[in-house]
Amino acid sequence: MTDNSRRGSRITPEEALAYHLEPRPGKFDVVPSTPMTTQRDLSLAYSPGVAVPVEVIAENPETAYDYTTKGNLVAVISNGTAILGLGNLGALASKPVMEGKAVLFKRFADVNAIDIELDSEDADEIINAVRLMGPTFGGINLEDIKAPECFIIEQRLKELMDIPVFHDDQHGTAVICAAGLINALELSGKKIEDVKIVLNGAGAAGIACLELVKSMGARHENCIMCDTKGVIYQGRTEGMNQWKSAHAVVTEARSLEDAMRGADVFLGVSAKGAVTQEMVQSMADNPVIFAMANPDPEITPEDAHAVRPDAIVATGRSDYPNQVNNVLGFPYLFRGALDIHARAINDEMKIACAEALAKLAREDVPDEVAVAYGRKLQFGRDYIIPTPFDPRLIHVIPPAVAKAGADTGVARRPIEDMDGYVQSLKNRMDPTAAILQGIHARAKQKQARMIFAEGDDLRVLRAAVAWQRGGMGQALVVGRDNDVKEKLASVGLADAARELTVVNAANSRHLEAYHEYLYARLWREGIDREDAIKMANRDRHVFSALMLAHGHGDGLVTGATRKNAHVLAELRKVFDLRPQDGAVGITGVLHKGKIILIGDTLVHEWPEAEDLADIATRGAMVARGLGLDPRVAFLSFSNFGYPLSERAIKMAQAPKVLDERGVDFEYEGEMTVDVALNPEAAARYPFSRLTGPANVLVVPARHSASISVKLLQEMAGATVIGPMLTGTPHPIQICSTTSKVNDILNMAAIAAGGLGVMK
């Protein structure tokens, strides 16, 4: 209903299909979590080793949670009868959505999920199929099943199965709605047991919302439910069923307009435009309006506030404050339920989730979250629900759910050490996605005119289109008009050509100024005027750099088609980007929930101690820009003087340079990689000044930095960001020739955010 992951902004069919096709079909892989290399590994994984846990589980079924994936595995199940807002398109067509839901489980709560599409519209067949799969999973997430079958299926499965069964279209929306309502009522000075609530939309989500707020204290007689035929009142027969009948009330109101008069709260899960300004005007003082229809609300916040400035308004959209987004709920509900081996997710657990979300919104928001969203987030009328990318969600919501489950008797294994559990949740989440989200959010706030220097490359063009259509700012593409149009048309993006601004020497109004600037910069380097004119006219890297130098763009991304060294040499004709100018290349490596920064991967060929100290300082600056507390390690093949080698001397001298400079970040060296990253190895050196694993690694030379990065990328499958050019006078980033579209887009976002610009 209000899951923002289901909404796209200016996404073309071609882009959507390409995303699902590349680098291979679908959205996730299944990978082993244990060694699978030697014959001994295989013997332990299968025969004969597997016989041991089989016998243990047969004797004590509860140990399945200890020896299999059951305790962290959810089935995402649909029959495709109510896909998004598209209707009944069948089980197979629902698979992309269910795969997407599985990915969200993993991204937000580290829950493994498998999508299962059942080709049946018969409720009994679906019930039986899911029931028979019970031994496999720790929980069942039902999705996109039409009403009334969704009610029947969920209720019957809850009765038959001893694991949580949760229809997110119903309860996910209800939980987030309840969280926002708690805070909205607090701000408006009202109590839930006293307010008059009107709900429009008597489908699965609407009924679940009303049932949950009633279980939280709202009075039955104060709640009016409406559907397309008007108010559901006692005695009505048209369009009724047992689920609607349960919420019928004694009232003279017959239309939504009637019901809204004097109402304190409106909850909408219906259709665009269902609520008028006249209806809002008729509500009580300080009205609460949750217009959650997706993708367009029952009434926009602008229209509501135009007639009622005192209203608190929430929608299902990310481009308005107070987004009711299911992703705030279902991953963390299941995380808490799975961790106590729950038999069910009950109302108490849902209420605990809602209350924890409401409480979190009242706390101070971390700076990195506020920066990422480009505005100050403080509890009030425009901030009653936490943002989906708040890093505290993972360690705040599941403990509340787990405690409620234990208190109500549905936990097979209650959490005994809650503090330890909270810490384990903090440790298990991959920080990389949040870091990338922050980079893109900061870039979106800047709305930069980004210069894409290599407009003859299809990857660059697709990245430029994504930049423009993603609302990141204006894409300035250096290339030839006809060539850009032809290449975009070849991948079904012909309409995007008119959205991009294509620039080149032939159509630039500033070419003469560029010529004079470049000639004045290079005339003492053996370059005459004709040479300077040819460089500016013919080399796209030089032309793009001149655009940036003259303020005709706010950032520059290049390097996808030429080697880094060549691109850097061309850019140096316009900017001071030599080692002595303070330029440093820092590469981010993201893998298995860890991020490390490696330098220098671009500028310094063979740095000495002073240079290494500069690299460390730049690396620490980038780390802080990514929201990390920098811990710098100077790497070598030796540890603190052993074995003694002249090759390691400069790595031992560099920390002494930082001692003299009095820098404000942690650093230590020289040391080997394992001592820098592995706490057990580091424990052998209790005198080390690092308080935890290093996240900035300074290596002896550029060749060793390059080897390290590419080895991690190829052998471990690490995600690589960079090299990020730092210490520059303007926002410039250089991609690698192997960059994919997303890599180029990431580098553009880094440039826009000014991460490498000299302060």
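**Exercise 1. The whole chain**

How many helices and strands does the secondary structure of the chain come to? Then judge the overall form.

*Solution.* The model is predicted. Step one: count the elements. The chain has 31 helices and 21 strands. Step two: compare its radius of gyration with the globule rule. The value is 29 Å, close to the 27 Å that the rule gives for 759 residues, so the chain is as compact as a globular protein of that length. Step three: take the box. Along the principal axes, the C-alpha atoms fill roughly 95 × 70 × 50 Å. Step four: look at burial and contacts. Buried residues account for 53% of the 759 residues. Of the contacts between residues at least 6 apart in sequence, 71% join residues at least 24 apart.

**Exercise 2. Surface and charge**

Find what share of the accessible surface belongs to carbon and sulfur atoms, then locate the charge centres.

*Solution.* The accessible surface comes to about 33,300 Å². Carbon and sulfur atoms hold 52% of that surface. Next, the charges: there are 80 positive and 98 negative side chains. The centres of the two sets lie 3 Å apart.

**Exercise 3. The two sides of H21**

Which residues of helix H21 are buried, and what do they pack against?

*Solution.* Start with the buried set. In H21 (residues 481-490), Asp483, Val484 and Leu488 are buried. Their arc around the axis is only 125°, which puts them on the same side of H21. The general rule helps here. An α-helix has 3.6 residues a turn, so residues three or four places apart point the same way. Now turn to the other side: Asn482, Glu486 and Ser490 are exposed there. Then find the partners. The buried residues of H21 pack against helix H20 (458-469), strand S12 (473-478) and strand S13 (501-503). Finish just after the helix, where glycine 492 has a positive phi of about 75°.

**Exercise 4. Three residues and their contacts**

Place arginine 521, alanine 361 and histidine 341, and decide how far each is covered.

*Solution.* Apply the cut-off: buried means under 20% relative accessible area, and exposed means over 50%.

- Arginine 521 sits in helix H22 (residues 511-522). Its relative accessible area is 27%, so it is partly exposed. Beyond its neighbours within four places in sequence, it contacts Arg572, Lys573, Val574, Phe575 and Asp576. Valine 574 is 53 residues away along the chain, yet the two C-alpha atoms are separated by 7.4 Å.
- Alanine 361 belongs to helix H15 (residues 347-361). At 0% relative accessibility, it is buried. Its contacts outside the neighbours within four places include Asn183, Phe379 and Tyr383.
- Histidine 341 lies in the loop between helix H14 (330-339) and H15. At 8%, it counts as buried. Among its contacts outside the neighbours within four places are Tyr65, Val410 and Arg412.

**Exercise 5. Backbone details**

Where are the cis peptide bonds described here, and which asparagines have a positive phi?

*Solution.* Begin with omega. A cis bond joins glycine 599 and aspartate 600, with omega about -5°. Aspartate 600 is in the loop between strand S16 (594-599) and helix H26 (609-625). Another cis bond joins tyrosine 642 and proline 643, with omega about -5°. Proline 643 lies in the loop between strand S17 (631-635) and helix H27 (646-661).

Now phi. Asparagine 286 has a phi of about 50°, and is partly exposed at 24%. Asparagine 322 has a phi of about 60°, but is buried at 4% relative accessibility.

Methods. Residues numbered from 1 in each chain as written. Heavy atoms only, no water. Helix = DSSP H or I, 4+ residues; strand = E, 2+ residues; numbered from the N terminus. Rg over C-alpha atoms; globule rule 2.2 N^0.38 Å. Buried < 20%, exposed > 50% of the residue type's maximum accessible area, 1.4 Å probe, protein only. Contact = heavy atoms within 4.5 Å. Areas by Shrake-Rupley, 256 points an atom, 1.4 Å probe, with all protein chains shown as cover. Lys, Arg positive; Asp, Glu negative; His and termini not counted. Charge placed at Lys NZ, Arg CZ, Asp CG, Glu CD. Arc of directions from axis to C-beta.
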